[in-house]
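I am opening my notebook on this model and will write down, entry by entry, what I looked up in it.

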Amino acid sequence: MEINTRKERDVTIVSVTGRMGEVTAPAFEEKMRKYIADEKIKFIVDFKELEYISSAGLRSILAIAKMLKDKNGTMVLSSLTGAVKEVFEITQFVSIFTIYDNTEDALSEI
Amino acid sequence: MDGRIKLPAEIEHVKQFTKFVRNFANGEGFSRRNIESIELVIEEALVNICRYAYNDIKGDMEVACSTDDDKQLIIQIVDGGKPFNILTVSEPDLTADITNRELGGLGVLLIRRIADDIKYQRQGNKNVLTLIMNDKGKQQSKKSP
């Protein structure tokens, strides 16, 4: 798993590449916690290049979302595809997160 | 054709199991998309064993793969930990909002929704979980509960 970050206005765009499973998900969570500790509270998490996610990845995303909620922050998701999208549908994460087709759409709305 | 792998129930070994099953399913001609689903259910089942089956005692986990006459992939997962029947665990409330959503239970949910059939038996002091995956029509029929 690889995580790349860029900044647009006050929004932190976090792009996750590869696989987000039991072994790799904690690195995502840790990185997000650092950003939040650094007073960043507006995020677009871009999953365009994410190939695989397990429940460990979902747990990390949910844990961060709970944390941001307490800080009046925002995290939206973008570009879910294939198996990742299916996992989000099965677990109904599609109904608790705002999900955009791409980061451009997310940026114009957030 | 069949094959099996047995290793200590530790997270660091899960990757070897998923690789083994991926190679097996690949050899049987399963599509890439289905192999991704198979890897996911294997990871979820084995991580549960590593985390919860043995408490602090060391133990093994074993995976055996075979195919039947209908070209279904049959994955048998065995551990010697405490009894755990995946079929009787209650599922998380999927209608809860972010604040009230539970962090646990998602792995079992994914296994139940993605596997085409699941069987559980307690044989002596072992948990025997059988996951059956087929290679057609699954993605369309499994989207909603």
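Before reading the strands I note the rule I rely on: two strands pair if DSSP finds at least two bridges between them. I also keep in mind that this is a predicted model.

**Entry 1: a strand and its partners**

With that rule I looked at chain B, where strand β4 (residues 117–123) and β5(B) pair in the antiparallel sense over 7 bridges. On the other pairing I checked, strand β3 (residues 73–79) of chain B is joined to β5(B) by 7 bridges, and these strands also run antiparallel. I then picked out single partners: Val128(B) in β5(B) is the bridge partner of Val78(B), while Leu129(B) in β5(B) stands opposite Tyr120(B). Following the chain between β4(B) and β5(B), I found a hairpin with 2 residues between the strands, and I noted that Gly124(B) in the turn has a positive phi of about 60°. Is strand β5 of chain B mostly covered or mostly uncovered? I read that 7 of the 8 residues in this strand (residues 126–133) are buried, which makes the strand mostly covered.

**Entry 2: where the two chains meet**

I turned next to the contact between the chains, and I recorded that 27 residues of chain A touch 28 residues of chain B. Between them, chain A and chain B bury about 2,400 Å², with 59% of it on carbon and sulfur atoms. Which three residues supply more of the area that chain A buries against chain B than any other three? They are Glu22(A), Glu86(A) and Ile90(A), which together supply 26% of that area.

I found Glu86(A) again when I looked at charges, since its side chain meets that of Arg33(B) in a salt bridge of 3.1 Å, N to O. The rule finds 3 salt bridges across this interface, and I also noted 12 residue pairs in polar contact between the two chains. On the side of chain A that touches chain B, β4 (50–53), α2 (55–70), α3 (82–90) and α4 (93–96) each supply at least two residues, and the largest share, 8 residues, comes from α2(A). I sorted the residues of that side by kind and wrote down 13 nonpolar, 7 polar and 7 charged.

**Entry 3: one serine in a helix**

My last stop was Ser60(A), which is found in helix α2 of chain A. Ser60(A) counts as buried because its relative accessibility is 3%, and the cut-off for buried is under 20%. Leaving out residues up to four places away in sequence, I listed the residues that Ser60(A) touches as Ala25(A), Pro26(A), Phe28(A) and Glu29(A). With Glu29(A) there is also a polar contact of 3.0 Å, which joins the side chains of Ser60(A) and Glu29(A).

Notes:
Residues numbered from 1 in each chain as written. Chains lettered and ligands numbered in written order. Predicted model: local features only at pLDDT ≥ 70, side-chain atom pairs only at ≥ 80, totals over all residues. Heavy atoms only, no water. Contact = heavy atoms within 4.5 Å. Buried area = accessible area lost by both parts, 1.4 Å probe. Salt bridge = Lys/Arg side-chain N within 4 Å of Asp/Glu carboxyl O. Polar contact = N/O pair within 3.5 Å; in protein donor to acceptor, adjacent residues only side chain to side chain. Helix = DSSP H or I, 4+ residues; strand = E, 2+ residues; numbered from the N terminus. Nonpolar A, V, L, I, M, F, W, Y, C, P; charged D, E, K, R; others polar. Buried < 20%, exposed > 50% of the residue type's maximum accessible area, 1.4 Å probe, protein only.
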